[in-house]
Amino acid sequence: MPINLRHQFNTNFLYPLPIGSGQRFGGGNALTDKLMGGWQWSGTLNIQSGFPFTPQIGSNASGTGDTLIPDVPNLNPDFKGSVILGKVGQWFDPRAFLMPLAGTFGNAGRGSFTGPGFWNLDTSLAKKFSVTEQVSMQFRAEAFNVFNHPNFASPNPVVFSGNNYSSSAGAITATSNASRQIQFALKVLF
């Protein structure tokens, strides 16, 4: 069963802000240097396509009794249109599938459909202050999921409830990361 991501991009960055003594801006003023100098901006960016998922029929129509590998439906040869709708309430169209006959296996490929993609930016600003020769402090302001972008989890893969289409087939009921979070930290280094 394929579980790989088709596309994934990750990057990290660290940028010392050009403000303060010896920098491009604010180097001539001691107050500006103390308040604005020495800051670093850093972050991580993650962008990826969705994880593959497999539609399931919600019962053991094949009669194997294997509950670890759920049975899959048949592809509906009369279905026209896109199987993936891309909506949170219904990511895929359950009418694209048919219940296999009892004692048979469905022909929908395992991992042949793709769930929602993901992108997230976490960032922080940090400044180190000298307290004494041996002691310094670091102040950090961190923001996770800066743009508060909702990244949705995989859809409900169960297409059938008994012999009828399930009302929750393809519905997405969770997110795959938290909403925006901001935190401040003060660390003593000695």
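A salt bridge here means a side-chain nitrogen of Lys or Arg within 4 Å of a carboxyl oxygen of Asp or Glu. This is a predicted model, and a search of the whole structure turns up 2 salt bridges.

**Salt bridges**

Let's take the two in turn. In one of them, the side chains of Asp-93 and Arg-95 meet, with 2.7 Å from N to O. Asp-93 counts as buried, because its relative accessibility is 5% and the cut-off for buried is under 20%. Its partner Arg-95 sits at 51% relative accessibility and so counts as exposed, since exposed begins over 50%.

The other salt bridge joins the side chains of Arg-140 and Glu-142, at 3.0 Å from N to O. Arg-140 is partly exposed at 22% relative accessibility, while Glu-142 is buried at 15%.

**Around Ser-124**

Arg-140 turns up again when you look at Ser-124. That serine lies in strand S7, which covers residues 118-130, and it is buried, with a relative accessible area of 6%. Which side chains does the side chain of Ser-124 make polar contacts with? One is the side chain of Ser-42, at 2.8 Å, and another is the side chain of Arg-140, at 3.1 Å. So if you click on Arg-140, you'll find its side chain in a salt bridge with Glu-142 as well as in a polar contact with Ser-124.

Leaving aside neighbours within four places in sequence, Ser-124 is in contact with Gln-40, Trp-41 and Ser-42, and also with Arg-140, Ala-141 and Glu-142. Both residues of the Arg-140 and Glu-142 salt bridge are therefore among the contacts of Ser-124, given that contact means heavy atoms within 4.5 Å.

**Aromatic pairs**

Now for the rings. A pair of aromatic rings is described by the distance of the centres and the angle of the planes. The count for this model comes to 9 aromatic pairs, and here are two of them:

| Pair | Centre distance | Plane angle | Arrangement |
|---|---|---|---|
| Trp-119 and Phe-147 | 6.0 Å | 50° | tilted |
| Phe-139 and Phe-184 | 6.2 Å | 15° | stacked |

Why is the pair of Phe-139 and Phe-184 called stacked? Its planes are at 15°, and planes under 30 degrees apart count as stacked, so the label follows.

Trp-119 and Phe-147 link distant parts of the chain, 28 residues apart. Trp-119 is in strand S7, and Phe-147 is in the loop between strand S8 (136-144) and strand S9 (160-161). Trp-119 is partly exposed at 31% relative accessibility, whereas Phe-147 is exposed at 53%.

Phe-139 and Phe-184 also link distant parts of the chain: Phe-139 is in strand S8, Phe-184 is in strand S11 (residues 181-189), and they are 45 residues apart. Phe-139 is partly exposed, with a relative accessible area of 27%, and Phe-184 is exposed, at 61%.

**The nonpolar core**

In soluble globular proteins, nonpolar side chains tend to be buried together. The largest nonpolar core in this model has 15 residues. Which of them touch the most other members? They are Phe-53, Val-83, Phe-92, Ala-96, Phe-97, Phe-113 and Val-159. The four phenylalanines in that list, Phe-53, Phe-92, Phe-97 and Phe-113, also form one aromatic cluster.

As for Ala-96, it touches Asn-74, Leu-75, Asn-76, Phe-79 and Val-83, not counting residues up to four places away in sequence. One of these, Val-83, is itself among the core residues that touch the most other members.

Methods:
Residues are numbered from 1 along each chain as its sequence is written. This is a predicted model: local features need pLDDT of at least 70, side-chain atom pairs count only at pLDDT 80 or more; totals for chains, interfaces and linings use all residues. Side-chain values use heavy atoms; hydrogens and water are left out. Buried means under 20% relative accessible area, exposed over 50%, partly exposed in between (1.4 Å probe, protein chains only). Helices (H or I, at least four residues) and strands (E, at least two) are DSSP runs, numbered from the N terminus. A polar contact is a pair of N or O atoms within 3.5 Å; within protein, one must be able to donate a hydrogen and the other to accept it, and residues adjacent in sequence count only if both atoms are side-chain atoms. Rings of Phe, Tyr and Trp (its six-membered ring) pair if their centres lie within 6.5 Å; planes under 30 degrees apart count as stacked, over 60 as edge-to-face and the rest as tilted. A nonpolar core is a set of buried Ala, Val, Leu, Ile, Met, Phe, Trp, Tyr and Cys residues joined through side-chain atoms within 4.5 Å.
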